[in-house]
Amino acid sequence: MKDYKVMFVGSSGSGKTTAISTVSEITPVITDVMNTDCKNLKKETTTVGLDYGEVSLPDMQRRKMRLYGTPGQARFSFMWKTVVQGTTGIVLLADNSLQNPLEEIRHYLQIFKDRLRGQECAGILGISKTDINPYPGKREYQQVLKELEIDIPIVIIDTRDYSSVMLMLTTLSLHLHKEYLYGDAEEKVNVLT
């Protein structure tokens, strides 16, 4: 059986590395280095390569989710184009502690909108750091998705909490499984053989 390739995208500091580390069943590969851009990024370390982890979910019939965390900085955007190839799921993380989180997530949604609109992969939007700033809420993010004609679920997430991250991934897996069941018949035959 084919495993799912899941890509995590979002601004630097949104919790991509933390989420993967929180649920990975293997020792995750983390590519954080000391942050030298303290003026623009308010964190000690930042991802400069790819983070990687694996997780199995009970409803996935022995399939694994292979989790790929990408850097949030625009200077590493060339990596997004490489990692997205063959991706079956995209987790977009919105950092609610940013000054303008809606515009920040809109940027990432614009980049991946063709994949998220089509049948290429499933997606989910996780809103992180609502403990720091509860606004904007789901309704405002839903409006952004509606404007971009993207129909994906939205969840509030604490990337440090195992149950929270697993709930988000389980929700994504339901959409991945739906794509598997109702997607392209030729692809289903390839997966089953």
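## Helix H3 and what covers it

In H3, the buried residues are Pro101, Leu102, Ile105, Arg106, Tyr108, Leu109, Phe112, Arg115 and Leu116. That list has two arginines in it, Arg106 and Arg115, alongside residues such as Leu109 and Phe112. The cover over these buried positions includes E1, H2, E6, E7 and H4. H3 isn't straight, either: a kink of about 55 degrees is centred on Ile111.

One thing to keep in mind while browsing: this is a predicted model.

## The overall layout

Zooming out, the protein chain contains six helices and eight strands. Going along the sequence, they come in the order β-α-β-β-β-β-α-β-α-β-α-β-α-α. The chain has 193 residues, and 49% of them count as buried.

If you like contact statistics, take the contacts between residues at least 6 apart in sequence: 71% of those join residues at least 24 apart. The accessible surface comes to about 10,000 Å², with 52% of that belonging to carbon and sulfur atoms.

## Two nonpolar cores

Back to the inside. In soluble globular proteins, nonpolar side chains tend to be buried together. Here the largest nonpolar core has 24 residues, and the members that touch the most others are Ile90, Leu92, Leu109, Phe112, Leu116, Leu125 and Tyr141. At least two residues of this core come from each of E1 (4-10), H2, E6, H3 (101-117), E7 (122-128) and H4 (138-147). Which element gives the most to it? H3 does, with six residues. A separate core of 22 residues lies apart from this one, and Val55, Met65, Ile124 and Ile157 are among its members.

Ile90 is a handy residue to click on in the larger core. Setting aside residues up to four places away in sequence, Ile90 touches Met7, Val9, Val84, Phe112, Arg115, Leu116, Cys121, Ala122, Gly123 and Ile124. Two of the names there, Phe112 and Leu116, also appear among the buried residues of H3.

## Strands side by side

E7 is mostly covered, with seven of its seven residues buried. In a regular strand the side chains alternate between the two faces of the sheet. In E7, Ala122, Ile124, Gly126 and Ser128 point one way, Gly123, Leu125 and Ile127 point the other way, and all are buried. E6 runs parallel to E7, joined by seven bridges, and Gly89 stands opposite Ala122 in E7.

Is each face of E5 (residues 64-69) covered or uncovered? One of each: Met65, Leu67 and Gly69 make up the covered face, while Lys64, Arg66 and Tyr68 make up the uncovered one. E5 also has partners in E1 and E4. With E1 the pairing is parallel, over five bridges, and Lys5 has Arg66 in E5 as its bridge partner. With E4 (residues 51-56) the pairing is antiparallel, over six bridges, and here Val55 is matched with Met65 in E5. Val55 and Met65 both turn up in the 22-residue core as well.

## Helix H1

Over in H1 (residues 16-23), the buried residues are Lys16, Thr17, Ala19, Ile20 and Val23. Looking down the axis of H1, these buried residues fall within an arc of 165 degrees, so they line one face of the helix. As for the background, an α-helix has 3.6 residues a turn, so residues three or four places apart point the same way.

## Loops and backbone oddities

Most residues other than glycine have a negative phi, and most peptide bonds are trans. A few spots here go the other way. The loop between E7 and H4 holds Pro136, which is joined to Tyr135 by a cis peptide bond with omega at about 5 degrees. Lys129 belongs to the loop between E7 and H4 too; Lys129 isn't a glycine, yet its phi is positive at about 65 degrees. Lys129 counts as partly exposed, at 28% relative accessibility. Glu149, in the loop between H4 and E8 (154-156), also has a positive phi, about 60 degrees, without being a glycine. At 60% relative accessibility, Glu149 counts as exposed.

Why does Thr88 count as buried despite its loop position? Thr88 lies between H2 (77-83) and E6 (89-95), and its relative accessible area is 16%, so it falls under the 20% limit for buried. Leaving aside neighbours within four places in sequence, Thr88 is in contact with Tyr4, Lys5, Cys121, Ala122 and Leu176.

Definitions and conventions: Residues are numbered from 1 along each chain as its sequence is written. This is a predicted model: local features need pLDDT of at least 70, side-chain atom pairs count only at pLDDT 80 or more; totals for chains, interfaces and linings use all residues. Side-chain values use heavy atoms; hydrogens and water are left out. Helices (H or I, at least four residues) and strands (E, at least two) are DSSP runs, numbered from the N terminus. Buried means under 20% relative accessible area, exposed over 50%, partly exposed in between (1.4 Å probe, protein chains only). Contact means heavy atoms within 4.5 Å. Accessible areas come from the Shrake-Rupley method with a 1.4 Å probe; for residues, only the protein chains shown count as cover. A nonpolar core is a set of buried Ala, Val, Leu, Ile, Met, Phe, Trp, Tyr and Cys residues joined through side-chain atoms within 4.5 Å. Two strands pair if DSSP finds at least two bridges between them. The bend at a residue is the angle between axes fitted to the seven residues ending there and the seven starting there. The arc is that of the directions from the helix axis to the C-beta atoms.
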